[in-house]
Amino acid sequence: MPNRAFIGIGSNLGDRAANYREAIHRIAAIPETRVVRQSSIYETEPVGDLKGAFLNGVIEVETELPAEAMMRRLLAIEKIMGRKRVKGNKPTRAKYRPRIIDLDLLFFNKETIDTRLVKVPHPRLHERRFVLAPMSELAPALIHPKLNASISEMLAGLKSPFRVTLARADLLRPQPKRGETVK
């Protein structure tokens, strides 16, 4: 029986929509993994003192990989796509940074995992409308194993000042290359 995982996707640098699409394509290419469903894509205000709105969404995948192997694949995709992670102690570095791509393993089956590499459910997902809104499209009744609340309950109870809106459809279409016409 395959593992069921939910992956959060975000981008606020460069061609955000192209980055988002590329990330899904790369995740779908992971051996023994298939993308089952995708949420709508949301445009979200940045958290902290960042500039530039994010595109965010969630995908559901089925995979034969264990959680640690999946997380390693997600980190490799981020690196291939140009994400630069700052080394050092987390308390001394800026908490939020702009990023070409951000891939978060949100849930893995109904497991609770807390290792150096994998922390699921994602430790801050219940505080983030940009995660809960797309998650509520895919799995509104999914129960958070630590908080014993459903995704829809967490979203309804969230007090967050950050705006999350459906992205404009034109942001999501592949853009034509120079000299190419759109059909």
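## Strand β1 and its partners

Eight of the nine residues of β1 are buried, so the rest of the structure largely encloses this strand. Keep in mind that we're looking at a predicted model here.

β1 pairs with two strands. With β4 it runs antiparallel, and nine bridges join them; Phe6, for instance, has Glu60 of β4 as its bridge partner. With β5 the pairing is again antiparallel, this time over six bridges, and Ile7 sits opposite Leu105 of that strand.

## Two nonpolar cores

Nonpolar side chains tend to be buried together in soluble globular proteins. In this model, the largest nonpolar core counts 28 residues, and Ile7, Ile9, Ile27, Met70, Leu74, Leu103 and Leu105 have the most contacts inside it. Who chips in? At least two residues each come from β1 (3–11), α1 (16–28), β4, α2 (67–80) and β5 (102–108).

Leu103 gives a good feel for this core. Setting aside neighbours within four places in sequence, Leu103 is in contact with Ile7, Gly8, Ile9, Ala23, Ile27, Met71, Leu74, Ile77 and Glu78. There's also a second core, separate from that one, with 20 residues; Tyr42, Leu106, Phe107 and Ala139 are among them.

## Thr63, at the end of β4

Is Thr63 buried or exposed? Its relative accessibility is 0%, so Thr63 counts as buried. The residue belongs to β4, which covers residues 54–63.

Leaving out residues up to four places away in sequence, Thr63 touches Pro2, Asn3, Glu32, Thr33, Met70 and Phe108. Take Glu32 from that list: it is 31 residues away along the chain, yet the two C-alpha atoms are separated by 5.5 Å. Met70, another residue touched by Thr63, is one of those with the most contacts inside the largest core. Closer to home in sequence, the Thr63 side chain reaches the backbone nitrogen of Leu65 at 3.0 Å.

## A cavity inside

Rolling a probe the size of a water molecule over the atoms shows where empty space is left. Counting cavities of 30 Å³ or more turns up one, and the largest cavity holds about 70 Å³ of space.

Which residues line the largest cavity? They are Gly8, Ile9, Gly10, Asn56, Gly57, Asp102, Asp104, Leu106, Phe130 and Val131. By element, β1, β4, β5 and α3 (129–138) each supply at least two residues of that lining. Two names turn up again from the cores: Ile9 from the largest one and Leu106 from the second.

How values were computed
Residues numbered from 1 in each chain as written. Predicted model: local features only at pLDDT ≥ 70, side-chain atom pairs only at ≥ 80, totals over all residues. Heavy atoms only, no water. Helix = DSSP H or I, 4+ residues; strand = E, 2+ residues; numbered from the N terminus. Buried < 20%, exposed > 50% of the residue type's maximum accessible area, 1.4 Å probe, protein only. Contact = heavy atoms within 4.5 Å. Polar contact = N/O pair within 3.5 Å; in protein donor to acceptor, adjacent residues only side chain to side chain. Core = buried A, V, L, I, M, F, W, Y, C linked by side-chain atoms within 4.5 Å. Pairing = 2+ DSSP bridges. 1 Å grid on protein atoms, 1.4 Å probe; cavity = no way out; pocket = protein on both sides within 12 Å on 5 of 7 lines; lining within 4 Å. Points joined across faces, edges and corners; volume = space filled by probe spheres on them.
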